[in-house]
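Trainee: I am new to this structure and would like a close look at a single part of it. Could you choose one part, set it in the context of the whole chain, and take me through it step by step?

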Amino acid sequence: MRIDIISIFPGMFAPVLGESMMRRAQDKGLAEFAFHDLRDWSGNRHRKVDDRPYGGGPGMVMRVEPIVEAVRAVRGMAEPAGRLILTSPAGRRFSQSVARELAAEKRLVIVAGHYEGIDERVRMVLEPEEISIGDYVLTGGELPAMVIADAVVRLVPGVLGAEDGAAEESFEGGLLEFPQYTRPVDYEGHRVPAVLRGGDHAKVAQYRRRQSELRTAERRPDLMTGAAPGGGAPRGPVGGA
Ligand SMILES: C[S@@+](CC[C@H](N)C(=O)[O-])C[C@H]1O[C@@H](n2cnc3c(N)ncnc32)[C@H](O)[C@@H]1O
């Protein structure tokens with residue numbers, strides 16, 4: 001999979017997407033990233049890509065021409081043209097299922113917004129898919145672009161060490177992940193449950209499934225009912241075993 005990101009801060013991406021799992025995905029040839037400086041399409045010698053809003057108001061607005069021209073140029077740099085995503089607090093809410101959907105694509109082109117907003121004609125002309133990573137406002141679309149890239153790339157087959165690693169993670173199958181333990185067996189009186197040390201794989205699977213259900217029911221009942229999030233009980237230890 002190839003992911004192109006267009007931003008006014010292209011230098012922000014390599015330190016994050018060039019490490020850890022994202023680095024390994026690139027080394028294995030399973031992911032390729034390309035970061036583009038929107039200012040290269042500013043069309044002026046000051047490399048300015050923003051301007052004052054018509055109608056007044058605080059802040060600056062990203063101009064339409066640089067974004068449209070950058071997207072057209074970047075899409076033409078490789079095949080296929082790619083699914084076009086605009087990061088926006090007003091977009092479709094990003095989730096594990098959206099990540100899975102995007103992981104099936106051969107190429108994504110993500111535009112990171114900045115300033116107070118983006119000229120509405122970007123939406124009219126390019127008709128991008130708008131994605132929000134949550135109900136809060138960030139300074140720019142760089143972090144959302146990295147969140148999307150990371151969540152998507154780790155779902156590309158072969159990126160995770162064990163192929164079924166992702167299948168048991170939180171949100172897969174509508175459940176949160178079960179509690180995990182490693183050595184020591186006893187830490188300040190908190191012991192690793194005996195069933196996990198017994199070597200009976202069927203019992204371990206049953207125990208983990210039950211723990212996932214209990215944790216989800218307690219913290220995120222909306223995942224089980226398909227209702228809107230936020231109705232979960234306060235966080236605390238999961239009862240029962
Ligand atoms: C300061 S924000 C603009 C917010 C805008 N004034 C509003 O009220 O919706 C600048 C850019 O950051 C990105 N951004 C901020 N919060 C985001 C979020 N929750 N999800 C996705 N992108 C976000 C978008 O690209 C946005 O254009």
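Mentor: The protein chain has nine helices and 10 strands, and it should be said at once that this is a predicted model. Along its principal axes the C-alpha trace spans about 70 × 40 × 30 Å, and buried residues make up 41% of the 241 residues in the chain. Among the contacts with a separation of 6 or more, 70% are between residues 24 or more positions apart.

The part I would choose is the open sheet, whose five strands come in the order 2-1-6-5-8 with parallel pairing. Strands of a sheet pair through backbone hydrogen bonds, either parallel or antiparallel. Here strand 2 (32-37) and strand 8 (129-132) stand at the edges, and because each has a single partner strand, one side of each is left without a neighbour in the sheet. From one strand to the next, the twist averages 30 degrees.

At the edge formed by strand 2, six bridges join this strand to strand 1 (residues 2-7), and the two run parallel; within this pairing, Arg-2 stands opposite Glu-32 in strand 2. Helix 4 (residues 96-103) packs on the sheet, where it touches strand 5 (83-93), strand 6 (107-111) and strand 8, and its direction makes about 170 degrees with that of strand 5. Helix 6 (residues 142-153), for its part, lies across strand 1, strand 2, strand 5, strand 6 and strand 8, and runs at about 175 degrees to strand 1.

For a companion to the sheet, consider helix 8 (residues 201-219), whose 19 residues should span 27 Å at 1.5 Å a residue; its end C-alpha atoms are 27 Å apart, so the expected span and the model agree. At the start of helix 8, a side-chain oxygen of Asp-200 reaches to within 3.2 Å of the backbone nitrogen of Ala-202. Further along, the buried residues of helix 8 are Val-204, Tyr-207, Gln-211, Ser-212, Arg-215, Thr-216 and Arg-219. Because these buried residues cover an arc of only 160 degrees around the axis, they lie on the same side of helix 8. The cover over them includes helix 7 (194-197) and helix 9 (221-225), whereas the face turned away from the buried side carries the exposed residues Ala-202 and Gln-206.

Key:
Residues numbered from 1 in each chain as written. Predicted model: local features only at pLDDT ≥ 70, side-chain atom pairs only at ≥ 80, totals over all residues. Heavy atoms only, no water. Pairing = 2+ DSSP bridges. Helix = DSSP H or I, 4+ residues; strand = E, 2+ residues; numbered from the N terminus. Axes fitted to C-alpha atoms, helices over the stretch in contact; angles between N-to-C directions. Contact = heavy atoms within 4.5 Å. Expected span 1.5 Å × (residues − 1). Buried < 20%, exposed > 50% of the residue type's maximum accessible area, 1.4 Å probe, protein only. Arc of directions from axis to C-beta. Polar contact = N/O pair within 3.5 Å; in protein donor to acceptor, adjacent residues only side chain to side chain.
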